[in-house]
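Here are my notes on this one, point by point. Have the viewer open while you read.

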Protein chains: 2
Amino acid sequence: MELTTAEENYLKAIYHLSVEGKKSVSTNDIAAEIRTKPASVSDMLRKLGEKEVIQYRKYYGLQITPLGIQLALQTIRKHRLWEVFLVDKLNFAWDEVHEVAEQLEHIQSLLLIERLDAYLNYPKFDPHGDPIPDAFGDVRSRPRIALQEMEIDQSGQIVAVKDSSPAFLRYLDKVGAYIGARIKVLDKVEFDGSVEILVDQKKTLFMSKDVASNILVLTA
Amino acid sequence: MELTTAEENYLKAIYHLSVEGKKSVSTNDIAAEIRTKPASVSDMLRKLGEKEVIQYRKYYGLQITPLGIQLALQTIRKHRLWEVFLVDKLNFAWDEVHEVAEQLEHIQSLLLIERLDAYLNYPKFDPHGDPIPDAFGDVRSRPRIALQEMEIDQSGQIVAVKDSSPAFLRYLDKVGAYIGARIKVLDKVEFDGSVEILVDQKKTLFMSKDVASNILVLTA
DNA sequence: AAAATAAATTAGGTTAAACTAAAAAATAAT
DNA sequence: ATTATTTTTTAGTTTAACCTAATTTATTTT
């Protein structure tokens with residue numbers, strides 16, 4: 001089964017919307033995600049349906065198939081491995097990698113990805129803390145909760161972000177809340193949902209509810 | 001100036017034919033190089049002419065412009081840097097890299113190439129011994145002659161091959177004539193042009209004229 | 001120099017992926 | 001339960017890159 005670059009991008013978007021966003025995936029959702037027009041999405045859904053990576057009934061809805069999930073995970077695997085390469089080996093900042101990884105993920109060569117994986121020492125998580133599927137598509141993800149949902153005095157480690165826009169990542173970098181940081185919730189303000197945390201047993205940090213709900217923590 | 005992947009491939013082919021093959025570049029030559037049809041080439045030449053990377057007068061001929069040369073060299077630079085990466089870091093054999101590098105060379109990111117160059121320690125030659133243009137397109141190539149043209153008792157170092165088809169590269173690997181090998185010409189048979197060489201002061205090797213004329217040597 | 005051959009280009013068609021505008025179906029509101 | 005609104009799909013274009021077949025230009029040959 002061969003997918004074009006465009007097809008891979010659609011499938012990846014559908015996978016993310018299906019898994020992360022729970023409820024059924026709409027044409028408009030996909031258009032927003034891919035930054036394209038709904039009419040283009042309808043076109044592509046028909047094609048993806050014919051290739052049996054999704055089950056598609058027009059006006060009704062779609063469901064990603066096991067084959068589709070497998071292919072999407074391979075693309076995600078490639079994307080995240082390249083991100084590790086860019087950060088670990090080429091010293092990219094974690095907010096600079098996405099665009100380039102978006103291109104690299106479409107390079108076709110099984111050997112390349114296997115070798116890259118070995119070279120990087122079989123990493124299990126990318127620089128944003130997201131799990132890297134193995135060659136069979138298996139993902140071992142750690143149970144994580146939003147910082148927002150933690151209790152006072154609970155501690156843990158920042159492992160990922162929900163919103164990975166460059167602006168947000170830069171903000172985190174600036175205030176010193178990097179992936180891997182060990183944190184403890186010192187206080188929560190009921191009124192506005194903001195929280196106060198201790199980072200690495202040194203620095204105290206205030207953050208709004210908006211920020212805190214975008215940070216994922218592996219609780220101890 | 002932005003070139004598409006196809007445009008980059010055509011320009012690269014035109015550059016190679018212009019520089020390596022001397023005489024004027026024909027539509028048919030390009031078609032053969034790119035494995036496409038002459039009609040498609042005509043189409044593309046018009047487009048490349050409009051973008052001013054070549055000077056083109058139909059039925060008459062073409063010439064690559066300084067801008068075209070610069071852009072072609074950037075693509076070649078990327079291709080050869082990726083080849084170094086694949087061989088040095090990911091342990092690819094030198095006959096396995098071309099296809100993958102052909103894809104990687106089109107990734108667009110100046111930062112990526114600069115970082116990769118630094119990571120590889122600013123290599124000057126790729127695994128086939130071809131020179132890597134620097135960020136400004138400057139190439140420092142070593143003066144090389146074909147093994148075929150060497151005199152008896154002359155010695156040197158294998159630095160490149162003309163024909164880099166996988167079959168030829170595999171053959172070289174098998175007989176132990178790798179890039180970097182130090183050699184000395186022991187004998188030349190006038191009758192058929194074949195040569196006998198000593199490799200690394202150890203192994204004696206016979207090769208046909210065809211093979212010898214495809215091996216480039218930096219003479220001592 | 002005219003005829004034959006070879007090379008290059010144009011004309012017209014295909015496919016993938018996008019788009020706008022219009023139509024159809026599903027959902028929500030009165 | 002009609003009407004209004006939103007969502008989705010279809011119809012018809014556009015662009016890039018290819019193709020075949022036909023034509024035009026250039027080059028050889030006689």
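1. Before the contacts, one convention: a polar contact here is a pair of N or O atoms within 3.5 Å. With that in mind, look at A:Thr4, where a polar side-chain atom sits 2.4 Å from a phosphate oxygen of DNA strand C. Keep in mind that this is a predicted model.

2. Staying with DNA strand C, A:Lys47 also puts a polar side-chain atom 2.8 Å from a phosphate oxygen. Chain B joins in through B:Asn28, but there a polar backbone atom is the partner, 3.0 Å from a phosphate oxygen of the strand. The elements giving two or more residues to this surface are α1 (5-20) and α3 of chain A, plus α2 (27-34) and α3 of chain B.

3. Who surrounds DNA strand C overall? There are 18 residues, and the closest are A:Thr4, A:Ser40, B:Ser42, B:Tyr56 and B:Lys58. By type, the residues of that surface split into eight nonpolar, seven polar and three charged. On the DNA side, sugar or phosphate accounts for 78% of the strand C atoms within 4 Å of the protein, and bases make up the rest.

4. Now DNA strand D, which has 20 residues around it. The closest are A:Ser42, A:Tyr56, A:Lys58, B:Thr4 and B:Ser40. For this strand, 75% of the atoms within 4 Å of the protein belong to sugar or phosphate, with bases supplying the remainder. The surface residues come out as nine nonpolar, seven polar and four charged.

5. Some individual distances on strand D are worth checking in your viewer. A polar side-chain atom of A:Tyr56 is 2.3 Å from a phosphate oxygen of DNA strand D, and an N or O atom in the side chain of B:Ser40 is 2.4 Å from a phosphate oxygen. B:Lys37 makes its approach with a backbone N or O atom, at 3.2 Å from a phosphate oxygen.

6. Which elements line strand D? At least two residues each come from α2 (27-34) and α3 (38-50) of chain A, and from α1 (5-20) and α3 (38-50) of chain B. The most, five residues, come from α3(B).

7. On to the protein-protein side. Chain A has 20 residues in contact with 20 residues of chain B, and the area buried between the two chains is about 1700 Å², with carbon and sulfur atoms giving 70% of that. A:Leu90, A:Arg115 and A:Tyr119 supply 30% of what chain A buries against chain B, more than any other three residues.

8. For polar pairing across that interface, the count of salt bridges is zero, while seven residue pairs are in polar contact. On chain A, α4 (66-89), α5 (97-104) and α6 (110-119) each supply at least two residues of the side touching chain B. The largest share, five residues, is from α6(A). That side of chain A divides into 12 nonpolar, five polar and three charged residues.

9. Finally, two hairpins in chain A. Strands β1 (residues 54-57) and β2 (residues 61-64) run antiparallel with four bridges, and A:Arg57 is partnered with A:Gly61. Three residues lie between these strands, and A:Tyr59 in the turn has a positive phi of about 70°. Strands β6 (residues 195-199) and β7 (residues 203-207) pair antiparallel over five bridges, with A:Val199 opposite A:Lys203. This hairpin also has three residues between its strands, and A:Asp200 takes a positive phi near 50°.

Key
Residues numbered from 1 in each chain as written. Chains lettered and ligands numbered in written order. Predicted model: local features only at pLDDT ≥ 70, side-chain atom pairs only at ≥ 80, totals over all residues. Heavy atoms only, no water. Contact = heavy atoms within 4.5 Å. Buried area = accessible area lost by both parts, 1.4 Å probe. Salt bridge = Lys/Arg side-chain N within 4 Å of Asp/Glu carboxyl O. Polar contact = N/O pair within 3.5 Å; in protein donor to acceptor, adjacent residues only side chain to side chain. Nonpolar A, V, L, I, M, F, W, Y, C, P; charged D, E, K, R; others polar. Near = heavy atom within 4 Å. Pairing = 2+ DSSP bridges.
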